[in-house]
Amino acid sequence: MKGWIAFWNILKKDIRNYYLKPPNISWGIIFPLSWTLMQLIRSPDGSIQDLLPGLISMSVLFGTTSMLAVTITFERSGRSFERLLLAPIGLSTMVLAKIAGTILFGMFNAFVPVILAAFLVDLHAVNWGALLLAVLLIAVTSALMGLLVAVSAEQVFEAQTLSNFFRFPMLFLCGLFIPLARLPVFLRPVSYCLPLTYGTDVLRGLITGSSTLSPALCYGMLLLSAIALFTISRHMIRRNWIL
Amino acid sequence: MNMISVSRLTKTYGDLTAVDDISFQVEKGEIYGFLGPNGAGKTSTINMMIGLSRPSAGEIEVAGIDVRRRTKKAQAGMGIVPDESNLYNEMDGFDNLCFCASLYGMRREEREAKARRLLTLFRLDDAGRRPFKAYSRGMRRRLTIAAALIHSPQVLFLDEPTTGIDVESSRQIRDLIVELKQQGTTIFLTTHYIEEAERICDRIAFIAGGRIVAAGSLPELMDSVSRQHAIRFITAGNSTVHAAELESRFAGSEVRAQADRTIVMTSRQRIPLFPVMEFLHNRGVEVLEARELRPSLEDVFVRLTGIDTSVPAKPGQKEADQ
């Protein structure tokens with residue numbers, strides 16, 4: 001019960017202090033909108049339905065990784081993060097509480113293009129439960145990648161630089177712009193190590209019905225990635241922040 | 001009963017030994033001062049004691065709990081005030097306190113009631129709804145201490161609690177520390193203000209170069225550098241003529257009478273005040289003031305550490321301590 005009180009209050013504090021601030025709300029809306037419009041202007045004949053999986057993935061990826069890496073680095077530089085490290089709550093509870101706000105923010109970002117698309121195309125065939133689960137798992141893995149960035153960065157600008165260092169290559173390697181089959185052979189193993197590859201593929205299957213991998217494999221790999229990233233993050237926090 | 005027990009504690013960073021094999025105990029309800037210049041190893045020690053840093057060697061127990069092995073359990077009984085006020089700038093004073101209480105699993109009604117009580121105790125009632133970033137340095141410090149007390153800890157760790165704040169706020173914080181001690185809280189205090197330690201600490205340890213160079217109560221530390229007792233008398237008239245007689249009357253003493261109507265008596269034994277006063281009175285010398293001369297804690301510190309406290313610390317030296 002005590003752990004739950006701490007978890008809930010850390011989440012509430014983060015939502016109030018960071019995610020509900022006007023600049024972040026506007027970022028959460030403007031960023032996915034801009035991506036959607038950019039794609040539509042670039043290829044006016046392209047179907048919104050074809051674009052949607054990529055737009056959702058990018059919105060979640062950018063929303064979660066940026067926010068968590070920046071908020072944690074910001075709290076660490078002001079030393080308020082020490083309060084969490086010194087509180088009598090388990091490290092896992094603390095990590096889960098910190099990523100929970102980001103996951104919600106990422107999911108909010110994801111549904112901006114979905115809501116927009118709902119006005120333009122018929123999405124009644126989409127399995128919304130499965131889509132929500134896929135978005136949740138993409139948000140969890142992306143948030144944990146943001147946490148890994150936060151563990152490695154000392155300053156906010158470092159966190160931003162580091163985030164971009166892995167986010168952009170990931171976008172090009174996950175099959176979003178270039179199908180995996182057309183990637184050079186030596187890069188394909190890298191693609192299959194990226195959680196976003198499975199996230200994008202499962203979303204594509206749910207929205208357009210044209211996935212290349214089995215949905216069970218995609219969900220399984222996303223879950224496995226989430227567990228692996230969580231374990232690595234915990235280990236890194238212990239090693240880097242409790243000196 | 002020992003509330004803090006530190007045994008053979010060592011911390012190394014590569015080739016640098018920040019804390020070098022230190023041991024000490026702090027009893028329940030005691031204010032233990034940890035005194036040393038910047039870079040002496042104070043913050044490194046406190047960080048290990050609160051579980052924010054891993055010792056390279058040694059044992060730490062707080063309230064009977066092994067901090068190394070049961071860190072979270074030990075932290076539940078600790079109140080921690082870091083050397084910088086580290087509450088959330090975006091939140092107001094009241095919400096900051098409530099948030100800190102929630103980290104200790106306190107329920108809403110309980111944490112709100114406690115937050116209100118602490119705001120009153122720390123004279124921050126009027127500022128309770130102001131954002132933390134709008135607080136003055138003294139107010140920020142007071143709220144940070146209030147946050148450390150939100151869960152009524154058994155042991156309070158204060159890292160440089162009065163550094164960089166105004167005289168009035170410093171005084172209020174010192175009074176509060178003494179009040180907490182009277183209520184039974186054990187306090188571990190690091191400071192580089194010697195006069196602060198002298199005023200409020202029951203026992204003091206001097207740390208320099210990562211090692212404890214001396215530890216004990218104030219009188220014990222004083223005695224460790226000066227075995228002599230001294231009394232200074234200020235008289236109404238010239239008393240130089242009685243100096244030799246006074247010295248022979250009180251065997252073992254040494255008397256220096258000065259033209260400014262001052263007599264200083266020193267002796268290895270305690271000097272009985274009344275017989276000396278009577279002696280002078282019988283010879284028509286009116287004593288205006290009699291005061292025991294003792295070395296200051298600063299004298300003791302300088303003598304034991306060899307560090308001249310009159311030389312200001314170099315900018316950035318504080319960072320090196322961390």
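**Chatting about the A–B interface**

Me: Hi! How many residues does each chain put into the contact?
Reply: Chain A gives 26 residues and chain B gives 29, with contact meaning heavy atoms within 4.5 Å. This is a predicted model, where local features need pLDDT of at least 70, side-chain atom pairs count only at pLDDT 80 or more, and totals for chains, interfaces and linings use all residues. Residues are numbered from 1 along each chain as its sequence is written, and side-chain values use heavy atoms, leaving out hydrogens and water.

Me: What area is buried between chain A and chain B?
Reply: About 2,700 Å², with carbon and sulfur atoms giving 55%; that is the accessible area (1.4 Å probe) the two parts lose on being put together, summed over both.

Me: Which residues of chain A lose the most area to chain B?
Reply: A:R79, A:R83 and A:L86, which together make up 29% of what that side buries.

Me: And how many salt bridges are there between chain A and chain B?
Reply: Two, counting a side-chain nitrogen of Lys or Arg within 4 Å of a carboxyl oxygen of Asp or Glu. One of them joins A:R79 to B:E84 through their side chains, at 3.5 Å from N to O.

Me: Switching topic, what is the strand order in the open sheet of chain B?
Reply: The four strands run β2-β1-β4-β5, with antiparallel pairing; strands are DSSP E runs of at least two residues, numbered from the N terminus, and two strands pair if DSSP finds at least two bridges between them.

Me: Which ones are the edge strands?
Reply: β2 (16-27) and β5 (65-66) of chain B, each pairing on one side only.

Note on methods:
Chains are lettered from A and ligands numbered from 1 in the order in which they are written.
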